[in-house]
Amino acid sequence: QVQVVESGGGLVQPGGSLRLSCAASGSISIIYLMGWYRQAPGEQRELVATITNLGSTNYAGSVKGRFTISRDNAKNTVYLQMNSLKPEDTAIYYCNVKGTLPSFNSWGQGTQVTVSS
């Protein structure tokens with residue numbers, strides 16, 4: 001079974017930075033997409049950023065220019081560098097990993113990011 005574990009969340013002041021990490025392990029075959037989603041209390045989960053193993057990235061408009069997603073294919077790890085954090089970035093951040101051969105779609109347990117003023 002594919003395991004997905006996030007780390008790096010915490011409490012930070014507005015304008016601060018945080019770096020999240022997500023590592024996938026197990027019989028994961030070929031990973032073609034890794035990404036980050038977030039969910040604030042009472043809100044729907046939303047896409048933050050994704051990256052393919054070819055390096056193509058996609059960002060939510062609310063984070064573009066502030067967040068940077070990157071990955072290490074050899075380590076099956078994806079990162080999210082978050083700069084200029086705002087209180088509205090407060091949420092639980094979830095890592096998502098998609099692959100094939102066989103097909104899978106796995107989620108981590110989430111890591112809390114709190115931006116307090």
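Reader: Before looking at arginine 66 and aspartate 89, what counts as a salt bridge?

Author: A salt bridge is a side-chain nitrogen of Lys or Arg within 4 Å of a carboxyl oxygen of Asp or Glu. The general idea is that side chains of opposite charge can pair when their charged atoms come close. In this model, which is predicted, arginine 66 and aspartate 89 make such a pair, with the closest N and O atoms 2.7 Å apart.

Reader: Which parts of the chain does the pair of arginine 66 and aspartate 89 tie together?

Author: Arginine 66 lies in the loop between β6 (57-59) and β7 (67-72), whereas aspartate 89 lies in the loop between β8 and β9, so the pair ties together parts that are 23 residues apart in sequence. Both arginine 66 and aspartate 89 are buried.

Reader: How many salt bridges does the structure hold, and which residues do shared partners join into one network?

Author: The structure holds three salt bridges, and through shared partners they join Arg38, Glu46, Arg66 and Asp89 into one network. Arginine 38 pairs with aspartate 89, the closest N and O atoms being 2.9 Å apart; this pair links distant parts of the chain, since arginine 38 sits in strand β4 (residues 30-39) and aspartate 89 in the loop between β8 (77-82) and β9 (91-100), 51 residues apart. Arginine 38 also forms a salt bridge with glutamate 46, where the closest N and O atoms are 2.8 Å apart.

Reader: Are arginine 38 and glutamate 46 buried or exposed, and how should I read the percentages?

Author: Relative accessibility under 20% is read as buried, over 50% as exposed, and anything in between as partly exposed. Arginine 38, at 6%, is therefore buried, while glutamate 46, at 35%, is partly exposed. Aspartate 89 has a value of 1% and so counts as buried. Proline 41, in the loop between β4 and β5 (46-52), has 75% relative accessibility and therefore counts as exposed.

Reader: What does the side chain of asparagine 96 contact?

Author: Asparagine 96 is found in strand β9 and, because its relative accessibility is 2%, counts as buried. Its side chain makes a polar contact with the side chain of asparagine 105 at 2.6 Å, and the side chain of asparagine 96 also reaches the backbone oxygen of serine 106 at 3.1 Å. When residues up to four places away in sequence are not counted, asparagine 96 touches Leu33, Met34, Gly35, Tyr37, Asn105, Ser106 and Trp107.

Methods
Residues are numbered from 1 along each chain as its sequence is written. This is a predicted model: local features need pLDDT of at least 70, side-chain atom pairs count only at pLDDT 80 or more; totals for chains, interfaces and linings use all residues. Side-chain values use heavy atoms; hydrogens and water are left out. Buried means under 20% relative accessible area, exposed over 50%, partly exposed in between (1.4 Å probe, protein chains only). Helices (H or I, at least four residues) and strands (E, at least two) are DSSP runs, numbered from the N terminus. A polar contact is a pair of N or O atoms within 3.5 Å; within protein, one must be able to donate a hydrogen and the other to accept it, and residues adjacent in sequence count only if both atoms are side-chain atoms. Contact means heavy atoms within 4.5 Å.
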